[in-house]
Amino acid sequence: MSRTIRIGGASGFWGDSAIATPQLLGVPGLQYLVYDYLAETTMSILARARAKNPALGYATDFVHAAMAPNLAAICAKGVRMVANAGGLNPQACRDALAAAAHAQGLAPRIAIVTGDDVLPQFEHLRAQGLRDLNTNEPPPDELYSANAYVGARGIAQALAHGADIVITGRCVDSAVVVGVLAHEFGWRWNDWDRLAAGTLAGHVIECGAQATGGLFTDWAQVPGWADMGYPVIDCAADGSFELTKPEGTGGLIHPGAVAEQILYEVGDPANYLMPDVTCDFREVSVEVQTPERVRVRGARGRAPTATYKANGTWRDGYQLQVLMAIRGIDAPAKARKTADALLQRTRTQLEQRGLGDYTETCVELLGGEALYGPHARSLATREVVLRIAARHADPKGLSFLQRECASAGTSMGPGTRSSFSGRADVQPVIKVFSFLVPKADVALQMSLGDLIEAVPLLSGEGVSEPASPSAVATSADEHPVGETVAVPLVALAWARSGDKGDDENIGVIARRPEFLAVLRGQLTAAAVRLYFAHLVAGEVHRYDVPGLRALNFVLHQALGGGGVASLRSDPLGKSFAQMLLDHPIEVPRRWIDEGLLPSPLI
C-alpha cells in the first residue's frame, strides 16, 4: 500500500465507551476520528428528547464525553473529526460543541450537513400514496420526525472547505468514512468500486470494537476487555484497507471477527443499498498480514437508486416493563404463577375502570432460557428474574401493573423481591415508519461559519432499480457419507446477528474451507426458519458470500416489532446467532478423528 489515510473508529453507538477517543488519539499518524451514533432505536430516543426540549435531539455524549475532555489534544494534534452526532438537531450539537471549545480557549472550524429532515414535505409525500416499505401500511396521522438516510458528499464538501469537525444529521453509518476517503483521494462520485470499498471500510469500523474482538463468537480468546482496543484502518486509494488497533490494548484482530462484522446488519450481500452506491460484498476477503493486522479488499459497486430510504418516528401507545427476582425451590413455577396472577388482577382493574385490555403482553423468565422456546434446556434453577412487559393505548392503563407488582413481595410466592430499583416508568412506544423519498426532493446543505452551500447531486443521478450483480462461484452442497456424528454449529462456524427494524440477519462463517459445503447442505433457509419458528413470523432467505466462506441469513418479522417497538428482552436480536450456534450439524466422524474440529466446542 502506498499513500494511505489513517482513520480511527471511536464510537459504535450512543453510549459507547469514553476510553475510545483518548486511546485512539495516542495512535501515531492518526488523521481522522469518526463517530457513529445513530441506530434506528437512537432516532426514536432523540425524537422523544426533542419533544421534551427543542434544544436537544442530538447525541449529547459526543459533546460532553468524547469531545470536551479531549479537545485540547485534538486541536494540538490536528486530528479531524466526523460524526453523525447531530441526529435530529445538528445546529444545536454544533453550538454546544462550539461553546465547550470556547470555554477552553479553542476555536475549531465546525461544519454541519443538514437537509436530511424531510418532515416539512411529508404531507406532500403522503398525498402521493406513501406506504411503509415493510408492512405496506399507510403512514400514521402524526410523526415525531422523518429523516432520509443520506450519503457522504456533504462531508467531503465540508472537509474540502477546511472543516476541523464535521457534524451531520442522519447520514448512513459508513458515510463518515466514505466522505473522508472521497475528499482525501479525490474520488469521483460515479467511481462505484471505490465508493463500495470505502463503504465497506466504514461498515467494518462503524460499530467500534465489534471489529476488534467485541462480540466475537470465540470470546474466550479475546484478552483485555477492560481496555478493548478500538479499530484503526489504513485506507489506500483503491479503497482496500488494513485493520489494526492501538498497540498494547486489549481485543483481538482475527479474520473471523472481521468477517462477522462485515456481515453484521447486512441483507443481500450482492445488493447492499447505500445512498452513494450499491455494494456487492460477496467476494470480499480478509487476509492476515501480521498477528495484529488484516487486509480487507474485494468490494464491488454499481450505481445507486434514485431514492433515499427514510424513517419516520411516531407514538403508538405506551409500555411498561417490571422486573422481580424470585428465588427458592421451584423458582420458575413461582415466577409463572406470579406473572399470571398480576396480569389477571390488573386486567380486572382495567375492566372495572373501562380502560380496555392490554394491547400486548410479554412474560419472560430470565435465567430460564426464555427466548429459546422448544430448544430450551430443562434447568433445575432456584433463581430467576421475572420480566413482565405490557403495552396499552392509555398510560393510565399501565398504572395498575406499575403499582400492583410491588404487592408480590408480600402476597405471592416466598423468596420474591418485587422491585430492583423502585417503581418502573411508563414509556411511550416510538415506532418507525420506513419509506422512500426521491433524492431530488431532499435539498442537502453544508454550513461552515458564514458559508452555506448546497450539496449537489450528479446529473440524472440514480436508477429505478440497481443493475443485477454479476454471477460468482459458490460452493456445492455436500451431505456427509459414511459414519457421521452430530456436532453444534459453533464447532464449524463463527456467527453474528444484527437487526434492521423488525428483520434480523445472521452471518455464518465457516471456520475451514471444507466445512462450507456441509453447512450449505444442512443449514438451509428452511432449517433456520424451523429452528426459529417460535420467534420468526416471516420468511427466511439465505445468501452465499463465497469470499468469506459464509452464508448470510435474513429473517423477516423476527423481532416482535424490533427496537423500542418490541416487548422482548432482546429487541435487537443480539442473541439469535448465539442460539443458532447450538444447531446440530452432521459431520464425518473422521473430521473429529483428524482433529479438524476444536475440541472444546464438540
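**Internal cavities**

Five cavities of 30 Å³ or more are counted in this structure. The model is a predicted one. The largest cavity holds about 100 Å³ of space, and the second largest has a volume of about 60 Å³. The points below take these two cavities in turn.

**Largest cavity**

- The lining of the largest cavity, which encloses about 100 Å³, is made up of 14 residues.
- Closest to the centre of the largest cavity are D16, S17, A18, Y37 and A66.
- Strand 1 (5-11), helix 1 (20-25) and helix 3 (60-67) are the elements that give two or more residues to this lining.
- Helix 3 provides the largest share of the lining, with three residues.
- By class, eight of the lining residues of the largest cavity are nonpolar, four are polar and two are charged.

**Second largest cavity**

- The residues that line the second largest cavity are E40, M43, S145, N147, Y149, R170, N311, T313 and V432.
- At least two lining residues of the second largest cavity come from each of helix 2 (40-52), strand 5 (145-148) and strand 14 (307-327).
- The lining of the second largest cavity divides by class into three nonpolar, four polar and two charged residues.
- M43, Y149 and V432 are among the lining residues and count as nonpolar.
- The charged residues in this lining are E40 and R170.

How values were computed: Residues numbered from 1 in each chain as written. Predicted model: local features only at pLDDT ≥ 70, side-chain atom pairs only at ≥ 80, totals over all residues. Heavy atoms only, no water. 1 Å grid on protein atoms, 1.4 Å probe; cavity = no way out; pocket = protein on both sides within 12 Å on 5 of 7 lines; lining within 4 Å. Points joined across faces, edges and corners; volume = space filled by probe spheres on them. Helix = DSSP H or I, 4+ residues; strand = E, 2+ residues; numbered from the N terminus.
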